[in-house]
Amino acid sequence: MHRICRRVVRVAGAHRAGRAVAGWFSVVLAVLLTQAVGVLPAVAQHASTSTIASDTILAWGDNSFGQFGNGSTTSSSTPVAVSLPAGTTVTAIAGGLGHSLAVTSTGAALAWGNNAQGQLGDGTTTSRSTPITVRLPLVTAVAAGSFHSLASTSTGATYAWGRNSSGQLGNGSTTDSTTPVAVSLPTGSTATIVAAGSESQSGGHLHRRGPRLGKQQRRTVG
């Protein structure tokens, strides 16, 4: 049984703090925060660390599909740095069974690792050992299932891609998609948080405007 491993770790230091964010037991991803940098306001609105971003992601464990993002498929029992594009800083990361995701401070989504079901969202099923950019509107959050991926955008729309055998892409079909497709949220709803299960549903917080009262009502789906 695969279980998501999430823990928060803060390391004392004058200008240094580390936060382990997400991963499956077979691979762990961590963001190393070494300095405060500017973050696009639309991204910061929903980021857990709203005023800081990092230029370093660390990964360790299983790297059979290149999910470390360091250009190799060699596993490691100690942390190695992900090969981010030059000048890139990240505000959030997510780890699937064999692939990894990140949100940059400019609102782009990066993906790398296993792509057998199109979970990297680049229109192919070719696995990648270094990060590639997923073509999406401004991204505020990402989540990774076993073989599918999710992203929330600044407009409140949610997109999903990859394996869809159980309808986990939420678009009314069971057809896999190698590129992002819009999740069919209820009319008038916008999502601000996404979460992915192994092979099943995803969920988030929906903000919905009531037809009678005209007030913003919040509900949780999962």
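Biologist: How many bridges join S6 to S7, and do the two strands run parallel or antiparallel?

Modeller: Start with the general idea: strands of a sheet pair through backbone hydrogen bonds, either parallel or antiparallel. Here, S6 and S7 run antiparallel, and five bridges join them. Keep in mind that this is a predicted model.

Biologist: Which residue stands opposite alanine 102 in S7?

Modeller: That's leucine 110. Look at the hairpin of S6 and S7 too: four residues sit between the strands, and glycine 107 has a positive phi near 90 degrees.

Biologist: What is the strand order in the sheet that holds S6 and S7?

Modeller: Read it as S5-S6-S7-S8, an open sheet of four strands with antiparallel pairing. S5 (90-95) and S8 are at the edges with a single partner strand each, so one side of each has no neighbour in the sheet. On average, neighbouring strands here are turned by 20 degrees against each other, ignoring direction.

Biologist: And how many bridges join S5 to S6?

Modeller: Five, and these strands run antiparallel. One pair to find is alanine 94 with its bridge partner in S6, leucine 101. On the other side of the sheet, S7 and S8 pair in the antiparallel sense over four bridges. There, alanine 111 stands opposite isoleucine 132 in S8.

Biologist: Is S7 largely enclosed or left open by the rest of the structure?

Modeller: Count the buried residues. Five of the five residues of S7 are buried, so the strand is largely enclosed by the rest of the structure. For the whole chain of 222 residues, buried ones make up 46%.

Biologist: Which residues of the largest nonpolar core touch the most other members?

Modeller: The general idea first: in soluble globular proteins, nonpolar side chains tend to be buried together. In this model the largest nonpolar core has 14 residues, and Leu101, Ala111, Val139 and Val142 touch the most other members. The elements giving two or more residues to this core are S6 (99-104), S7 (109-113), S8 (128-134), S9 (139-144) and S11 (158-162). S9 gives the largest share, three residues. There's also a second, separate core of eleven residues, with Phe68, Val82, Leu84 and Ala102 among them.

Biologist: What does leucine 101 touch, leaving out residues up to four places away in sequence?

Modeller: Its list includes Ala92, Ile93 and Ala94, then Leu110, Ala111 and Trp112. Val142, Ala143, Ala144 and Ser149 are on the list as well.

Biologist: S9 has come up already. In what order do the strands of its open sheet stand?

Modeller: The order is S9-S10-S11-S12, four strands with antiparallel pairing. S9 and S12 are the edge strands, each pairing on one side only. Inside the sheet, S10 (residues 148-153) and S11 pair in the antiparallel sense over five bridges. If you want a pair to look for, leucine 150 stands opposite alanine 160 in S11.

Biologist: Let's zoom in on S12. Is serine 177 buried or exposed?

Modeller: Serine 177 lies in S12 (residues 177-182). Its relative accessibility is 11%, so serine 177 counts as buried. Its side chain reaches the backbone oxygen of threonine 179 at 2.5 Å. Setting aside neighbours within four places in sequence, serine 177 is in contact with Gln117, Gly118, Trp161, Gly162 and Leu169.

Biologist: How do I spot residues that are far apart along the chain but meet in space?

Modeller: Check C-alpha separations. Alanine 196 and glycine 145 are 51 residues apart along the chain, yet their C-alpha atoms are separated by 4.9 Å. Alanine 196 is in strand S14 (residues 195-196), and it counts as buried at 12% relative accessibility. For the chain, take the contacts between residues at least 6 apart in sequence: 43% of them join residues at least 24 apart.

Biologist: Where does pLDDT stay under 50?

Modeller: Where pLDDT is low, the predicted coordinates should not be read in detail. Residues 1-25 stay under 50, though the model has 58 contacts beyond four places in sequence for them. Residues 34-51 are also below 50. The mean for the chain is 75, with 65% of its residues reaching 70 or more.

Technical notes. Residues numbered from 1 in each chain as written. Predicted model: local features only at pLDDT ≥ 70, side-chain atom pairs only at ≥ 80, totals over all residues. Heavy atoms only, no water. Core = buried A, V, L, I, M, F, W, Y, C linked by side-chain atoms within 4.5 Å. Buried < 20%, exposed > 50% of the residue type's maximum accessible area, 1.4 Å probe, protein only. Contact = heavy atoms within 4.5 Å. Polar contact = N/O pair within 3.5 Å; in protein donor to acceptor, adjacent residues only side chain to side chain. Pairing = 2+ DSSP bridges. Axes fitted to C-alpha atoms, helices over the stretch in contact; angles between N-to-C directions. pLDDT = per-residue confidence, 0-100.
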